[in-house]
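I opened this notebook to record what I looked up in one structure, entry by entry. The entries start at the ligand and then move to the chain, its strands and a few single residues.

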Amino acid sequence: MTPLIEARGVSKRFRQHKRFPGLLGAFKTLVTTEYTEVTAVNDISFDIAAGEAVGYLGPNGAGKSTMIKMMTGILVPSDGTLSVLGRTPHLERMANARQIGVVFGQRSQLWWDLPLIDSFTLHQRIYDIPLTRYQDNLKRFSELLDLKPFLDRAVRQLSLGQRMRAEIVMSLLHDPKILFLDEPTIGLDVVAKDAVRRFLAEINRERGVTIILTTHDLQDIETICPRLIMVDHAKLIFDGQLGKLRSALGSARRLTLEFATDPGPVVLSTATLTNDDGLIKHYLLEREEVSLVQILSEVGSTRDLKDVALHEPNIEEVIRTFYQRRNTASATTP
Ligand SMILES: Nc1ncnc2c1ncn2[C@@H]1O[C@H](COP(=O)(O)OP(=O)(O)OP(=O)(O)O)[C@@H](O)[C@H]1O
């Protein structure tokens, strides 16, 4: 099956005015004709199939937004080829726009002074959405995202959470095949984040809308995206399922044993002791497949064991460990 999105050796370089330090430097910066070149995206390739939900992750300045902007046709790649639904996005921007939805967390596509419903109506006209389809979509999405009470309110009067939900509804009214979201949950409270995540997961599952999102909130990934593309310093450093990332790191599961009386050192062949508080001992499991039964049989019945807890690593731990190991490896490479 042909992928919906195909990136082959895509790079993007920006020219930036050279900056000079100090007060005098500030004047020099204003008049300088000197430039430095920043590589925001460096030789990135991937395929995304219809119906996938992909989290595009990376630290600040790693090149995530730049890649999204190229896929939506806003920016032109400096090198490589990019195909979205069989088109080159920047060459066929209008045709591309009809098939995709875009949500930039920091930038609104709604009409600030008009009632929210007017933005939706305008969208229906611009995209020429059949009226019944538009009405069905609006009803369904505003119910799911609890937006009905706000449809007549001016956009500038909406809270950030209400506005973000409105942005998402608007981006989906024309039934796009792909939805691009840049930081869709930024600045939202936990309840609003949860509503947005559950909605996106449902849209992906039930309507088969392909989702590509950038985020710094890893719970977004956990709820919505089985696949991760990770970038660092403009380069792709990981592409695969979250489970693959977990196993690439080995087991990061932690074990806690609590004893009624201090048994002294308890050495296990299946786990490494990381902290010994006497009554409570903490371990890191050596292998993915070690079971609780194996651990308990090794601890033995002679010891006065009170409680056992096994902690699966959460996504934050997995991603942090991945970046830490990479940084350590690159620091030690001559
Ligand atoms: N229009 C531009 N002109 C010059 N440099 C740019 C431009 N847009 C982005 N950059 C630079 O390209 C690099 C990547 O920026 P980008 O916004 O893609 O990163 P990001 O991963 O989305 O970061 P963040 O997580 O902070 O949003 C940065 O060094 C940024 O300063």
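**Entry 1: the ligand shell**

Which residues surround the ligand? Working in a predicted model, I listed Phe 14, Gln 16, Val 38, Ala 40, Gly 58, Asn 60, Gly 61, Ala 62, Gly 63, Lys 64, Ser 65 and Thr 66 around the ligand. I then asked which elements supply at least two residues of this shell, and found that β1 (5-17), β2 (35-48) and α2 (64-71) each do so. With 3 residues, α2 is the element that gives the most to the shell. Sorted by character, the shell residues fall into 4 nonpolar, 7 polar and 1 charged.

**Entry 2: the chain as a whole**

I stepped back to the chain, which has 334 residues, 31% of them counted as buried. The secondary structure comes to 11 helices and 13 strands, and the C-alpha atoms fill a box of roughly 75 × 55 × 50 Å along the principal axes. Of the contacts with a separation of 6 or more, 70% are between residues 24 or more positions apart.

The domain assignment gives domain 1 as 50-247 and domain 2 as 253-312. I noted that the C-alpha centres of these two domains lie 44 Å apart.

**Entry 3: strand β6 and its partners**

Is β6 mostly covered or mostly open? I found that 5 of its 5 residues are buried, which makes the strand mostly covered. Ile 178, Phe 180 and Asp 182 point one way from β6, while Leu 179 and Leu 181 point the other way, and all are buried. I set beside this the general remark that side chains in a regular strand alternate between the two faces of the sheet.

Looking for the partners of β6, I found that strand β5 (residues 100-104) runs parallel to β6 and is joined to it by 5 bridges. On that side, Phe 104 stands opposite Asp 182. Strand β7 (residues 210-214) is also parallel to β6, again with 5 bridges between the two strands. The bridge partner of Asp 182 in β7 is Thr 214. Between β6 and β7 the chain passes through helix α7 (residues 190-207), and this β-α-β crossover is right-handed. I also wrote down that Ile 178 has Thr 210 as its bridge partner in β7.

**Entry 4: strand β7**

I repeated the burial check on β7, where 5 of its 5 residues are buried. Thr 210, Ile 212 and Thr 214 point one way from β7, and Ile 211 and Leu 213 point the other way, with all of them buried. Which strand pairs with β7 over 4 bridges? Strand β3 (residues 53-57) does, in the parallel sense, and in this pairing Val 54 stands opposite Ile 212.

**Entry 5: two positive phi values**

I looked next at two residues other than glycine that have a positive phi. For Asp 175, phi is near 55 degrees, and the residue lies in the loop between α6 (160-172) and β6 (178-182). Asp 175 counts as partly exposed because it has 16 C-beta neighbours inside 10 Å. For His 233, phi is near 45 degrees, and the residue sits in the loop between β8 (227-232) and β9 (235-241). His 233 has 13 other C-beta atoms within 10 Å, so it is partly exposed.

**Entry 6: Val 290 and Thr 321**

Where is Val 290 found? It is in the loop between β12 (280-285) and α10 (292-299). Why does Val 290 count as partly exposed? It has 19 other C-beta atoms within 10 Å, whereas a buried residue needs 20 or more. Leaving aside neighbours within four places in sequence, Val 290 is in contact with Thr 270, Leu 285 and Ile 295. I also noted that Val 290 and Arg 253 are 37 residues apart along the chain, with their C-alpha atoms separated by 9.7 Å.

My last look was at Thr 321, which lies in helix α11 (residues 315-332). Thr 321 is partly exposed, because 16 other C-beta atoms lie within 10 Å of its own. Thr 321 and Asp 136 are 185 residues apart in sequence, and from C-alpha to C-alpha they are 45 Å apart in space.

How values were computed
Residues are numbered from 1 along each chain as its sequence is written. This is a predicted model: local features need pLDDT of at least 70, side-chain atom pairs count only at pLDDT 80 or more; totals for chains, interfaces and linings use all residues. A residue is near a molecule or strand if its C-beta atom, placed from the backbone, lies within 6 Å of it. Ala, Val, Leu, Ile, Met, Phe, Trp, Tyr, Cys and Pro count as nonpolar, Asp, Glu, Lys and Arg as charged, and the others, Gly among them, as polar. Domain bounds come from an automatic or database domain assignment. A residue is buried if 20 or more other C-beta atoms lie within 10 Å of its own, exposed if 12 or fewer, and partly exposed in between; C-beta atoms are placed from the backbone. Two residues are in contact if their C-beta atoms, placed from the backbone, lie within 7 Å. Two strands pair if DSSP finds at least two bridges between them. A crossover is right-handed if, with the strands pointing away from the viewer, the path from the first strand over the helix to the second runs clockwise.
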